[in-house]
Amino acid sequence: MKNKSSRLHYILSLFFFVIAITSCHRQELSVKDVMDNIVTRFYATMDDAELEQLDDQKIMNLITPEEKQVLATRYWTFDVNVPAVVSVMQHVDQPIAPFWLKEAGFFKTDMFVKNEEYTYQVWQKKFDKGSVALGINGFDKHRPHYFVAVGPQDKNEKLELSGFSPENQYVSIMKESSFTYHDWDELVLTQVPESLKGQILLTTIRGRAREAHLIGAFRTTPYPSSPEPDQIMLTWGDDPQTTVNIQWRTDLSVKNGVVRYWQENTPDIIREKAATPNVLEDRLLRNDRYIHRFTAELDSLQPGQKYFYKVGNPEKDLWSEQAEFITAPSKPSPFSFIYFGDTHRSQQWGRLINTSFTRHPNVGFYTIGGDIVSTGLYRDDWDQLFEYSKDVIKNRPLMPAIGNHDDQDGLGAEMFYELFALPENGPDTVEPEKAFSFTYGNAFFLVLAATSPYKDQVSWIEEQLAKSTAKWKFAIFHFPPYSMEEDYPLIRELWCPVFDKYHVDMVMSGHVHYYMRSKPINNGQVVKSPDKGTIYMISIGIPNRQVDLPDADFIEKRFGGVMLYQYFDINDNVLTCTSYDLDGKVWDRFSIKK
């Protein structure tokens, strides 16, 4: 439907809004409800060019008064117990101020607030005792989201805030050295006007700007879903000896999914396992908004055996090509696995993982140290990752750690949880599947959540290491405890002493986009041999820059400018790690003997 008049747009807007009201059974609409309805209406009434040409004025002309009211008043709310002055700190470089500020009676003051990166204009309004209702950050994706300070109109009255929405609002004090963004709490205020100091500070996350994103927001995936099963991937959710999880994708026309599988030496005995479908939505993915993601959990498998399988739908007779998986051995025996640092859904990394599988066809599994994709909220990023690695991850399990790009802008990692069926044996204080452990052969693997509070994981880490009887112990997480460019002293303080206590052999990380292997370290000091300390490794699985960084006593080897994978070969009491590039050149190799 093209070249429609404003009147027709308005009529359709009213039509869709009435449908939305009816579907919500007259319950109050949330900002999400309104944005879902707006996007649905835009898809029905606009072509791709019109979507790409949206700006603030066009959007304001196309939304209904009721929708506008929701966006202006139900985005950020709280109650004040006495008359108060509310200050909204809006980033000065935001092209267009939030539409509701002036309409709601806020006025622009001559005050400015600064942190180490940004400057904010202060808008203010007086509120009576009761509810304070604030609106969206805008229809763009301006990351320095506004934040709020609240003070009493009468300084002799004690101000208290309650009834926050969103819930779990972090409340701080407006002063220099306070942070304003939970997804960047190292960024602190450096300039606060005297009249605002000591007021109640309400922090936020930069990612909230995405909640009403419409300008330049609409994306397409180069690999949309279809009735044919694709994006087939293996993981473990339980014991690798006797179970495996198989996930795949179809479009919504396929309602049911089944795995047909058989053991290598019993091809006539075919078993079936029904899969659980889940609808995944990426609202702004205009050519593939909804998909079905199927997950089947196979159990009661025989250890150390090869199985073949197909996934599909019996009713439609749509099946994938045959693939394979191999269960972990019941007794410790030689095995290998492959580690990547950041992969960022890179096509070059796709070449690297496929080459690694050709070079090492007997590898047991793969793992990634986080930043698996570049924007974890975008399903088209994941579509690319799965397309580039499809011939590997359908034949060998992938057990990744989560990175800051996968758990982005403080908005959570829902796409990661939906796409991967991982062990749910992590700490109670961390979302299931974000941190987990598993044992393979005579090796124990801790996969930790570097994007969750470190302190919340300490007791679980100790508990897991204390009960493991494995000969080899590994920890995998995104942020490096030891690095010359960007290290994480709080991880060194909280996690590394536990690694020392239980002698974790290796810690693998990424994030800084170069390769580094440390000398063995214990209690922050270099020790003589790996049996006395832990080796810390950083790797990178995509093209990267050369680095010229100062040396440090703890570094054994460091370089940039090449994408690598690490091939770990474990044969009883000997571990050998080799770093290969795409052409098979060895860039680093070392062994540990116990």
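The charged end of K585 sits over the ring of W587, 4.2 Å from the ring's centre. A second contact of this kind involves R492, which lies over the face of Y482 at 5.6 Å from the ring centre. Both descriptions, like everything below, refer to a predicted model.

W587 falls within strand β33, which spans residues 586-593 and is an edge strand of a sheet. That sheet is open and has 5 strands, in the order β21-β20-β31-β32-β33, with mixed pairing. The other edge strand is β21; each of the two edge strands pairs on one side only. From one strand to the next, the twist averages 20 degrees. Strands of a sheet pair through backbone hydrogen bonds, either parallel or antiparallel.

One pairing inside the sheet can be followed in detail. Strand β31 (residues 565-571) and strand β32 (residues 574-580) run antiparallel and are joined over 7 bridges. Within this pairing, N571 stands opposite V574 in β32. A helix also belongs to the picture: α7, residues 347-359, packs on the sheet and touches β20, β21, β31 and β32. The direction of α7 makes about 170 degrees with that of β20.

The next topic is the aromatic rings. The structure holds 50 aromatic pairs. In one of them, the ring centres of F340 and Y366 are 6.2 Å apart and the planes meet at 10 degrees, so the pair is stacked, since planes under 30 degrees apart count as stacked. F340 lies in strand β20 (residues 335-340) and Y366 in strand β21 (residues 365-368), so the pair ties together parts that are 26 residues apart in sequence. F340 has a relative accessible area of 0% and is therefore buried. Y366, at 2% relative accessibility, also counts as buried.

A pair with another geometry is formed by Y454 and W495. Their ring centres lie 5.3 Å apart and their planes stand at 70 degrees, so this pair is edge-to-face. Y454 is in the loop between β23 (443-447) and α10 (458-467), while W495 is in the loop between α11 (489-494) and α12 (496-501). The pair thus links distant parts of the chain, 41 residues apart. Y454 counts as buried at 13% relative accessibility, because the cut-off for buried is under 20%. W495 is buried too, with a relative accessible area of 0%.

Aromatic residues can also be grouped beyond single pairs. One aromatic cluster is formed by W236, F335, F337, F365, F436, F438, Y440, F445, F474 and F568. Among its members, F335 and F337 fall within the residue range of β20, and F568 falls within that of β31.

How values were computed: Residues are numbered from 1 along each chain as its sequence is written. This is a predicted model: local features need pLDDT of at least 70, side-chain atom pairs count only at pLDDT 80 or more; totals for chains, interfaces and linings use all residues. Side-chain values use heavy atoms; hydrogens and water are left out. Rings of Phe, Tyr and Trp (its six-membered ring) pair if their centres lie within 6.5 Å; planes under 30 degrees apart count as stacked, over 60 as edge-to-face and the rest as tilted. Helices (H or I, at least four residues) and strands (E, at least two) are DSSP runs, numbered from the N terminus. Buried means under 20% relative accessible area, exposed over 50%, partly exposed in between (1.4 Å probe, protein chains only). A charge sits over a ring if NZ of Lys or CZ of Arg is within 6 Å of the ring centre and within 35 degrees of the ring normal. Two strands pair if DSSP finds at least two bridges between them. Axes are lines fitted to C-alpha atoms, for helices over the stretch in contact, and angles run from 0 to 180 degrees between N-to-C directions. Contact means heavy atoms within 4.5 Å.
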